[in-house]
Every structure is written in C-alpha cells, then in structure tokens.
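Here is a friendly walk through one protein model. Have the viewer open as you read, and follow the residues as they come up.

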Amino acid sequence: MLTEAEVETYRRDGYVVPSGFRLDGDELETLRSAVEQVLHDNPEIEPDRVINPHLDRGRPYRLRGHRAFHDIVHDERILDLAGAVMGPDLVLLFTHLFCKPPESPRTVPWHQDGPFWPVEPMASCTVWLALDTVDAGNGAMRVVPGSHLEQYRRHELVDDPDSTLNREIRIQDFDESGAHTIELEPGQVSVHDIGIIHGSAANSSGRRRAGFAMRYMPATSCVHRRIENAAADWGDLPVELVRGRNRNPGTDFSLGDFGEPWPAR
C-alpha cells in the first residue's frame, strides 16, 4: 500500500499521502453513516473529541460506538499502511473521530503527539482517514515537514475554550513558514509520525470536516500506564495487539476496559 518512495518520503518528511489507497463509495458511505450515528448517540461529547468510537461503551468516555469504526481499524489495508512504517507487529493505541462542524471556532494548536502519549521508545504513526473533503477552507491539518527529526519542543498550557488541546507549541518557538496543508478527498488517508509538529485552524466554511484518526505503535515499544505529568490518564485506556506478536513485555493488555463486545459475524 506504500511504495518504497513513499516510505522514504515518510521517513524524511514525517508524513505521506499514499497514492494507492482510497476507500470505495460503499465503504465511505458506511463510515459517513457511522459518523452521523455516533454524533447522534453521544450529544454530550464535543464532535471533535470523540475518542475510541471503535469501541462500544469503552474507555475513556464510555460513548456509544459503531461497528464500522471497529472494522476499519482492523482492515488489512490500513494495517499494511501502518506496518510499512512501523513494522510487522502492531498495537492500536486509540482512535479519534475529528468532526469540525461548519463555521466552528474550534482549533487544534501546534503540537507534537509524542509528549501527550506515554510510549517508549517513542514511536507511533497516525493513519488519518478523510470522510469529507478536507481542504484549507474547512480546517485541514497542517504539518511542518522534517520536524519529527528534531528534538521535542516544549508545550505550554493553553487556556482557550476553543482549543481541542490543553497544551501547545508557541508559534515563536519554531518556524512555521514551511508548513504544508494536507488536503484530502473523501476516502483518502494521510500517515504521519508521532513527532511531527502539526495543527489545524478553525473551520470557517459552511462545510463539515470529518476525519477518523487511527493511532498505531510498533509492538516493540511500551505503553507506560502511569507517567508523571501526562496530559491524560492512560491507566484505564485499552490498547490492543492488532497484528503479529507483542515484543515488549512492559505493555499490559489486561488493563483498560473495551466495553461491550461487538457481536460475532
């Protein structure tokens, strides 16, 4: 699913848009319907903060999920994309449905994922699936190519109700002049590294911007359940071995709550 040249691009830039992947119309429609159902079933959750909708009443929020999201995170094509840059043994850390409604003021400040996640050695990729047209007008993700190769930046606390995160990299602490906007058609994906500086502006358009982020790490890394100064509580967040074998005995898969099991097919 990734060519050798695309893997090289990922290693160099910290992200890539695979040319050989795109969901077909029926698959896309199923997932779009799942978005509508999950938003309808969980009105108390901000639409850009829907964590783990691939689970049904699992942690952290016990929200009502949808089987379609469970299916796509286990789809062999998605796992091939993650495996191309993470190796053959994969752990699913969590999933995140980002839905920016039309004319929403909510932003994702500049940040790196690494400081938010207790993963050691620090390694993970996000497969970000566009469910709507994603462009600069409706708040597409922006990334700073190559920033994953540098040291992690200091993240300052954010006191802004329109920010989806509680910490950010201050704009004066890095050079954003070379930032790229990742524009995607529905059904396309981007893949980005845990260390790349990225963020997104508010959706000032009259169009929704929905995307589904799937976070994978190599099974050679470890999830530390208790870590000082973590941005979130990972103590009860379920993580799952989705391909191959676990290579790090420090990761405890017995912790966390997956919620209600999906019926067998």
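What follows goes from the overall fold to a few residues and ring pairs.

**The whole chain**

Please keep in mind that this is a predicted model. The protein has four helices and 15 strands. Its radius of gyration is 17 Å, close to the 18 Å that the globule rule gives for 265 residues, so the protein is as compact as a globular protein of that length. Along the principal axes, the C-alpha atoms fill a box of roughly 50 × 40 × 40 Å.

Burial and contacts add to this picture. Of the 265 residues, 53% count as buried. If you take the contacts between residues at least 6 apart in sequence, 82% of them join residues at least 24 apart. The accessible surface comes to about 11900 Å², and carbon and sulfur atoms account for 48% of that area. As for charge, there are 28 positive and 43 negative side chains, with the centres of the two sets lying 3 Å apart.

**Three residues to look at**

Let us begin with V239, which sits in the loop between β14 (222–223) and β15 (240–243). Is V239 buried or exposed? It counts as buried, because its relative accessibility is 0%. Leaving out residues up to four places away in sequence, V239 touches V91, L92, L93, V223, R225, T251, F253 and F258. For one of these, F253, the C-alpha to C-alpha distance from V239 is 6.2 Å, with the two positions 14 residues apart in sequence.

T164 is also a loop residue, placed between β8 (156–157) and β9 (167–168). With a relative accessible area of 11%, T164 is buried, since the cut-off for buried is under 20%. Apart from neighbours within four places in sequence, the contacts of T164 are D48, R49, R106, T107, V108 and P109.

H180 belongs to strand β10. Its relative accessibility of 34% makes H180 partly exposed. Setting aside neighbours within four places in sequence, H180 is in contact with Y15, M141, R142, V143 and P145. The C-alpha atoms of H180 and V144 lie 6.3 Å apart, although the two residues are 36 apart in sequence.

The accessibility values and placements can be put side by side:

| Residue | Place | Relative accessibility | Class |
|---|---|---|---|
| V239 | loop between β14 and β15 | 0% | buried |
| T164 | loop between β8 and β9 | 11% | buried |
| H180 | strand β10 | 34% | partly exposed |

**Aromatic pairs**

How many aromatic pairs does a search of the whole structure find? It finds three, and two of them are described here.

One of them is formed by F69 and F212, a tilted pair with 4.6 Å from centre to centre and 40° between the planes. F69 lies in helix α3 (residues 67–73) and F212 in strand β13 (residues 209–218), so this pair ties together parts that are 143 residues apart in sequence. Both F69 and F212 are buried.

Another pair joins W110 and F174 in an edge-to-face arrangement, with 5.4 Å centre to centre and 75° between the planes. It links distant parts of the chain: W110 is in strand β4 (residues 108–111), while F174 is in the loop between β9 and β10 (180–181), 64 residues apart. Both W110 and F174 are buried as well.

Key:
Residues are numbered from 1 along each chain as its sequence is written. This is a predicted model: local features need pLDDT of at least 70, side-chain atom pairs count only at pLDDT 80 or more; totals for chains, interfaces and linings use all residues. Side-chain values use heavy atoms; hydrogens and water are left out. Helices (H or I, at least four residues) and strands (E, at least two) are DSSP runs, numbered from the N terminus. The radius of gyration is taken over C-alpha atoms; the globule rule is 2.2 Å times the number of residues to the power 0.38. Buried means under 20% relative accessible area, exposed over 50%, partly exposed in between (1.4 Å probe, protein chains only). Contact means heavy atoms within 4.5 Å. Accessible areas come from the Shrake-Rupley method with a 1.4 Å probe; for residues, only the protein chains shown count as cover. Lys and Arg count as positive and Asp and Glu as negative; His and the chain ends are not counted. The place of a charge is taken as NZ of Lys, CZ of Arg, CG of Asp or CD of Glu. Rings of Phe, Tyr and Trp (its six-membered ring) pair if their centres lie within 6.5 Å; planes under 30 degrees apart count as stacked, over 60 as edge-to-face and the rest as tilted.
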